[in-house]
Amino acid sequence: MDKADRSFLKGVIEGFYGRPWSQQQRLELLGLMQELELNTYLYCPKDDLKHRALWRELYTGDELQGLCALIESCRTHDIEFLYGIAPGLTIRYSDDSEMELLQARFRQLLDAGCRSLAILFDDIPGEMAKADSAAFGSLAKAQCEIANAIYSELLAKSGGRLVFCPTPYCQRMADNQHGGTNYLNEVGRCLDSDIDLFWTGPEIISREISIESVSELRETIQRKPVIWDNLHANDYDMTRVFLGPYSGRSLELREEVGGFLINPNCEFEANYVALKTLADYLRASGSWNSRNAYEEALAAWLPRFSGVGEDGVTLDDLTLMCDAYYLPHENGELAEQLYQDVHFIVTQPTDGWGDRQGRLRKRIRQVVELARKLTEVHRRELFYAFNRQVWELREELEMIEQYMDWKLAGGDPATQLCRSENYLPGTYRGGLVKRLQQLISFRGDGALVLAGE
Ligand code: GDL
């Protein structure tokens, strides 16, 4: 096939900050994607030096070899490999030699067998240098000219695809006029109509993406956007990991967009549920329920947790863990119930605890056991991916249990304080970040509240 079809894009963006995935993980990803009928992988890890900081330099032979192997593996798995570059931090738009460097890099990839490209202008300042402003008038114009030239010179003939990430890539940024007034309208007019455009929804991390918001955007950008979905990305808060289902996007939304690509958790092993439920959403007809898809994904994932011990991770254990590390804006059912039970117990007298006490103690035991069971899992990467979070959860819950015991033994806060044998001040839950967090908090509406105000 010498012409890339303009098929609906379904798949994965390796586009987060932090340590990129390993080659072995990527190859495994491609196998899973094929099973799930996902057709696109976009390579653009923010911290591949040559993706952003050193975008002007060519890859060395060794580096290129790894990319060639990925391109080849994509081909055998029926997946379109897209190579993305992000020159926006330092590019001088009005200097022709910059364009030559960009093209040289893209040519290197095309020669290695890659057919489709992405040019990414996310997470950069909204203004250009004086000389660039004088030459182009606006950031939108400068970026479109570059993208159009790349498309016509490198891709149009071969039928390869180009995806463009605008500087304002969500509605909040557009409303704040990041990138200049009417940036998106100008892109709508200037960007070659065959070039696709990324969009993350109303926010960078969008809980929901409504059809109305996308229809309105389509008018502005004069094409269907491709959704760059950060729902499961955790690079912005590394104490969290997102194991909940793809959700907050209606089935009808699929008609309004050119595709859905997810940029998920940095921990490769943490992305099974995200991928499986995305694939389920994309295949669904009639109606679709994200919680049902989640439960099915957990059942399919469970065998990977087989361990050396006799009592391995159970489906209920896995559900508890994933409910505790669910989605950015919500906990899963079991975690919410656990939180409500703890909240009740720490705020109410013991004689009102009722059934909650037993239920909570059972869950605490389960988390303690789960932490142990995870240490015994054969697939070590799975254990490494979750150890930090589960460890932390267990620590907090064990302290709650000690508090419960102390209260039930007649603990009286006025005369005596509950102490934990394990928790010694200055060792746990500490460090500079913790101290800073104590000085800065947020109101429900997102406003910052500083200690002393
Ligand atoms: C972003 C970055 C992305 C990052 C994500 C979550 C886009 C287009 N760019 O803004 O690289 O992983 O947020 O932090 O989303």
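Which element gives the largest share of the nonpolar patch? Helix α16 does, with three residues. We'll come back to that patch further down. First, a word of orientation: what you have in front of you is a predicted model.

**The barrel**

Let's start with the strands. Eight of them, β1-β2-β3-β4-β5-β6-β7-β8, form a closed barrel with parallel pairing. Neighbouring strands in this sheet are turned against each other by 25 degrees on average, direction ignored.

Strand β1 is a handy place to begin looking, at residues 9-14. Is it mostly covered or mostly open? Mostly covered: five of its six residues are buried. On one side, β1 runs parallel to β8 (residues 259-262), and four bridges join the two. If you want to find that pairing by eye, look for Gly11, whose bridge partner in β8 is Leu261. β1 also pairs with β2 (residues 40-43), again in the parallel sense and over four bridges. Here the residue to look for is Glu14, which stands opposite Tyr43 in β2. To get from β1 to β2, the chain passes through helix α1 (residues 23-35), and this β-α-β crossover is right-handed.

Elsewhere in the barrel, β5 (residues 162-165) and β6 (residues 196-199) run parallel and are joined by two bridges. Val163 is a good marker for this pair, as it stands opposite Asp196 in β6.

**Charged pairs**

Side chains of opposite charge can pair when their charged atoms come close. In this model the count comes to 34 salt bridges. Here are some of them, with the distance between the N and O atoms.

| Salt bridge | N to O distance |
|---|---|
| Arg75 and Glu72 | 2.7 Å |
| Arg115 and Glu80 | 2.4 Å |
| Glu98 and Arg92 | 3.9 Å |

Take Arg75 and Glu72 to begin with. They are three residues apart in helix α2 (residues 61-76), so about one helical turn separates them. Arg75 is partly exposed, with a relative accessible area of 48%, and Glu72 is partly exposed too, at 39%.

Which parts does the pair of Arg115 and Glu80 tie together? Arg115 sits in the loop between α3 (96-111) and β4, while Glu80 belongs to strand β3 (residues 80-85), so the salt bridge links parts that are 35 residues apart in sequence. Arg115 counts as partly exposed at 25% relative accessibility, whereas Glu80 is buried at 18%. The cut-off for buried is under 20%, so Glu80 falls on the buried side of it.

The pair of Glu98 and Arg92 also mixes the two classes. Glu98 is buried, with just 2% relative accessibility, but Arg92 is partly exposed at 43%.

Salt bridges can also be followed through more than one pair. Glu28, Glu269, Arg304 and Arg379 are linked in a network of them.

**The nonpolar patch**

Now back to the opening question. Leu432, Leu436, Leu439, Ile440, Phe442, Leu448 and Leu450 form a nonpolar patch on the surface, and together they have about 680 Å² of accessible area. The elements giving two or more residues to this patch are α16, β9 (440-442) and β10 (448-450). Among the patch residues is Ile440, found in strand β9. Is Ile440 buried or partly exposed? Partly exposed, at 39% relative accessibility.

**A few odd spots**

Two residues are worth a look for their backbone angles. Asp123 is not a glycine, yet its phi is positive, near 55 degrees. You'll find Asp123 in the loop between β4 (116-120) and α4 (130-136), partly exposed with a relative accessible area of 30%. Arg429 is not a glycine either, and its phi is also positive, at about 45 degrees. Arg429 lies in the loop between α15 (380-408) and α16 (431-439), and it is partly exposed at 45%.

Last, here's a way to get a feel for the span of the model. Glu295 sits in helix α11 (residues 290-301) and is partly exposed, at 39% relative accessibility. From Glu295 to Ala129 is 166 residues in sequence and 51 Å in space, C-alpha to C-alpha.

Technical notes. Residues are numbered from 1 along each chain as its sequence is written. This is a predicted model: local features need pLDDT of at least 70, side-chain atom pairs count only at pLDDT 80 or more; totals for chains, interfaces and linings use all residues. Side-chain values use heavy atoms; hydrogens and water are left out. Buried means under 20% relative accessible area, exposed over 50%, partly exposed in between (1.4 Å probe, protein chains only). Patches are made of residues with over 30% relative accessible area and no salt bridge: like charges are joined within 9 Å, nonpolar side chains (Val, Leu, Ile, Met, Phe, Trp, Tyr) within 5 Å. Accessible areas come from the Shrake-Rupley method with a 1.4 Å probe; for residues, only the protein chains shown count as cover. A salt bridge is a side-chain nitrogen of Lys or Arg within 4 Å of a carboxyl oxygen of Asp or Glu. Two strands pair if DSSP finds at least two bridges between them. A crossover is right-handed if, with the strands pointing away from the viewer, the path from the first strand over the helix to the second runs clockwise. Axes are lines fitted to C-alpha atoms, for helices over the stretch in contact, and angles run from 0 to 180 degrees between N-to-C directions.
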